[in-house]
Amino acid sequence: MNIGFIGLGIMGKPMAKHVVNSGYNAIVYDLNTEAVAELKQTGAAAAASVEAAAVESDVIILMLPNNAVVRQVVGTIAESAAAGSIVIDMSSTSPVVSREMAGLLQLKGIAMLDAPVSGGEPKAIDGTLAIMVGGDEAVFEKARPVLSTMGKDVTRVGGNGSGSTAKLANQIIVNVNIAAMSEALILGAKAGIDLQQMYQAIRGGLAGSAVLDAKVPMVLERNFKAGGRIDINLKDLNNVMETADALDLELPLTQHVRHVFETLAAEGKQADDHGGIVKYYENLAGVQVGVSS
């Protein structure tokens, strides 16, 4: 089986490496020629264009930055890929766009799964992502072995668009948790207690979470190197609110965190990790959370 992989960014590059290392014939494409060259060193073939990757592939995986790019690339694939091939969009795409692209590809006899991921760069690197999938069950079963090279938990949620909807729910939980964690750290810092000890005291109780363990150590070390960029998570929350509007649904906590992201992006912090939410609260409180806190 030939696997095309389009999009070799923070997440896509390590994911593509797992596909290659699992023995599949991988054909990769990205505008970043350095990323393509790195994949070639692991045994992948390089495609000169999206069209070239699509023509040669039985399964085409996308890991792209936003809805607009997904639309553009899928439009190209629809005119290039063979009937019977499968497109797996692993980007964080809105459910509306996922269903729209699935319909476009179906007209060409091409199946599509929306299969966004959770776990950030660390789990992309170690191949233990959580992958939530929307699409036809038979297509999902055919694609499952490929998805399993990149993820530990691969779950079909329902039809097209369901995976994207589950990812939006995931992003609400993750980013609202980081905001709550940030407020808690600011409270501790303002009160003058040892934040490392506070973290150890609460992490084993009901407040403990994967988010807490992933982000508190980074914040205390003032490490905001992106595993999940603020601008990418802002894009996800924009997708959440657009979906909520379509459903006539109010999401006040998500709305607030989106405002936090917008403020940080306007301050030039868009490339920071989303643990950088703490900087918004630091500005409000006039304190800084760090190793000496």
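Which residue in β3 does V28 stand opposite? In this predicted model, the residue facing V28 across to β3 is A46. This pairing is a good place to begin a walk through the fold, since V28 sits in a strand with partners in both β1 and β3.

The strand in question, β2, covers residues 25-29. Four of its five residues are buried, so most of the strand is covered. Strand β1, made of residues 2-6, pairs with β2 in the parallel sense, and five bridges link the two. Within this pairing, F5 has V28 as its bridge partner. Strand β3, residues 45-46, also runs parallel to β2, here over two bridges. As a general point, side chains in a regular strand alternate between the two faces of the sheet.

The connections between these strands are helical. Helix α1 (residues 12-21) joins β1 and β2 in a β-α-β unit, and this unit is right-handed. From β2 the chain then crosses through helix α2 (residues 33-41) to β3, in a β-α-β crossover that is right-handed as well.

Further along the chain lies helix α8, which runs from residue 162 to residue 191. How far apart are the end C-alpha atoms of this helix? They are 44 Å apart, and this agrees with the 44 Å that 30 residues should span at 1.5 Å a residue. Just after α8 comes G192, with a positive phi of about 85°.

Helix α13, residues 277-285, holds K279. Is K279 buried or exposed? Its relative accessible area is 16%, and K279 is buried because this value falls under the 20% cut-off. When neighbours within four places in sequence are left aside, the contacts of K279 are F224, L264, K269 and D272.

Taken as a whole, the chain contains 13 helices and nine strands. Its radius of gyration is 20 Å, close to the 19 Å given by the globule rule for 293 residues, so the chain is as compact as a globular protein of that length. The C-alpha trace spans about 65 × 45 × 35 Å along its principal axes. Of the 293 residues, 50% are buried. Contacts also reach far along the sequence: among those between residues at least 6 apart, 65% join residues at least 24 apart. Finally, the accessible surface comes to about 13,000 Å², and carbon and sulfur atoms account for 53% of that area.

How values were computed:
Residues are numbered from 1 along each chain as its sequence is written. This is a predicted model: local features need pLDDT of at least 70, side-chain atom pairs count only at pLDDT 80 or more; totals for chains, interfaces and linings use all residues. Side-chain values use heavy atoms; hydrogens and water are left out. Buried means under 20% relative accessible area, exposed over 50%, partly exposed in between (1.4 Å probe, protein chains only). Two strands pair if DSSP finds at least two bridges between them. A crossover is right-handed if, with the strands pointing away from the viewer, the path from the first strand over the helix to the second runs clockwise. Contact means heavy atoms within 4.5 Å. The expected span of a helix is 1.5 Å times one less than its number of residues. The radius of gyration is taken over C-alpha atoms; the globule rule is 2.2 Å times the number of residues to the power 0.38. Accessible areas come from the Shrake-Rupley method with a 1.4 Å probe; for residues, only the protein chains shown count as cover.
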